[in-house]
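Dear colleague,

I am passing on the structure we spoke about, placed just below, and after it I set out what was found in it. Please read it with the usual care, as this is a predicted model.

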Amino acid sequence: MRELHELNVGLAVEAAELARTRRAEGVAVAASKSSLVDIVTEADREVERLVVDRIRTARPDDGILGEEGTSVAGTSGLTWVIDPIDGTVNYFYDIPAYAVSIALVEGEPDPTTWRAVSAAVVNAATGERYEALRGGGARRDGREIRVADAVPAEVALVATGFGYDAGRRQRQAAVVQRLIGSVRDIRRGGSASLDLAWVASGRLNAYYEIGLQPWDMAAGALLVEEAGGVVRGWQGAPASTAFLLAGHAEVADELAVLLADMRPDEI
């Protein structure tokens, strides 16, 4: 598995370099997806093609699930889950918080049932590299990282994100309005994989979001777990598109109480 992990990290670093190069050349929007503000760039597609081609050459029997449409059923029991540029809007505006996120998981490509075994998240704008191997800890640029120590919610820095649908964003903002008086402050970074990496490295105390896709959470969740934190779904369920909460276990417990009336199924 360590050899596969090294392959994963190498792919993420190479893909991040391509994303950074294309950003310097100028960004071309290829299409909108769920709404006009949910964009995909030509670079998203090119980076995913690069990663997919490398995987299919090195690991032809593995499955692949990519944000930009790649779906390959494998026979090995392993699936690569790829977000070629997580934080595309940041990428479009040249905000230096966008990442290549690649996870290798055992089982079906479903976050409620899979078992992530390797994770790589590379901030393409800065080159900062996060990685985790199940049972082997989490690292940033080669140095071991841990989640921040437990603190009361009132002094916790909490990150979240918003969906692309205008109505959903309004409902999510209402949740933030109720929460913000009970925590130190709220951050909205715009890249779920980096938010999770920042929880893993102690830059954030916690992160929650509704509506994440499998490729948004796959690598980042393993980073948090291997850094000593927890990643949970709604009311004890596994993390999923419905809801994800990550942080130190004690901080997550307190935030879960504060968010108890949120009703993610209605958001």
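Arg-22, Glu-25 and Glu-46 are joined to one another in a network of salt bridges. Across the whole structure, a search finds 14 salt bridges, and a few of these are worth following one by one. As general background, side chains of opposite charge can pair when their charged atoms come close.

One of them pairs Arg-54 with Glu-14, whose closest N and O atoms are 2.6 Å apart. Since Arg-54 belongs to helix α2 and Glu-14 to helix α1, this pair ties together parts that lie 40 residues apart in sequence. Both side chains keep some accessibility, for Arg-54 is partly exposed with a relative accessible area of 36%, and Glu-14 is likewise partly exposed, at 32% relative accessibility.

The two helices that this pair connects also pack against each other. Helix α1 covers residues 2-25 and helix α2 covers residues 42-58, and they pack at an angle of about 155 degrees with their axes 10 Å apart. An angle over 145 degrees counts as roughly antiparallel, and α1 and α2 are therefore roughly antiparallel to each other. The crossing in which α1 passes α2 is right-handed.

Which residues make up this contact between α1 and α2? From α1 come Leu-7, Leu-11, Glu-14, Ala-15, Leu-18, Ala-19 and Arg-22, and they meet Ala-43, Glu-46, Val-47, Leu-50, Val-51, Arg-54, Ile-55 and Ala-58 in α2. Sorted by character, the residues of the contact of α1 with α2 comprise 11 nonpolar and 4 charged ones, with no polar residue among them.

Two further salt bridges lie elsewhere in the chain. Arg-187 forms a salt bridge with Asp-185, the closest N and O atoms being 3.1 Å apart; here Arg-187 is partly exposed at 40% relative accessibility, and Asp-185 is partly exposed at 27%. In the other, Asp-253 pairs with Arg-232, and their closest N and O atoms are 2.5 Å apart. Because Asp-253 sits in helix α7 (residues 249-258) and Arg-232 in strand β14 (residues 230-232), the pair ties together parts that are 21 residues apart in sequence. Asp-253 is partly exposed, with a relative accessible area of 39%, and Arg-232 is partly exposed as well, with 26%.

A second helix pair involves helix α5 (residues 192-200), which is mostly covered, with 8 of its 9 residues buried. The buried residues of α5 are Ala-192, Ser-193, Leu-194, Asp-195, Leu-196, Ala-197, Val-199 and Ala-200. After α5 comes Gly-202, which has a positive phi, near 85 degrees.

How do α5 and helix α6 lie, roughly parallel or roughly antiparallel? The axes of α5 and helix α6 (residues 214-226) come within 8 Å and cross at roughly 0 degrees, and that makes α5 roughly parallel to α6. In this contact, Ala-192, Ser-193, Leu-196, Ala-197, Val-199 and Ala-200 of α5 meet Asp-216, Met-217, Gly-220, Ala-221, Leu-223 and Val-224 of α6. The residues of the contact of α5 with α6 divide into 9 nonpolar, 2 polar and 1 charged.

With best wishes

Definitions and conventions
Residues numbered from 1 in each chain as written. Predicted model: local features only at pLDDT ≥ 70, side-chain atom pairs only at ≥ 80, totals over all residues. Heavy atoms only, no water. Axes fitted to C-alpha atoms, helices over the stretch in contact; angles between N-to-C directions. Helix = DSSP H or I, 4+ residues; strand = E, 2+ residues; numbered from the N terminus. Parallel < 35°, antiparallel > 145°, perpendicular 65-115°, else oblique. Left-handed = near helix turned anticlockwise from the far one by under 90°. Contact = heavy atoms within 4.5 Å. Nonpolar A, V, L, I, M, F, W, Y, C, P; charged D, E, K, R; others polar. Salt bridge = Lys/Arg side-chain N within 4 Å of Asp/Glu carboxyl O. Buried < 20%, exposed > 50% of the residue type's maximum accessible area, 1.4 Å probe, protein only.
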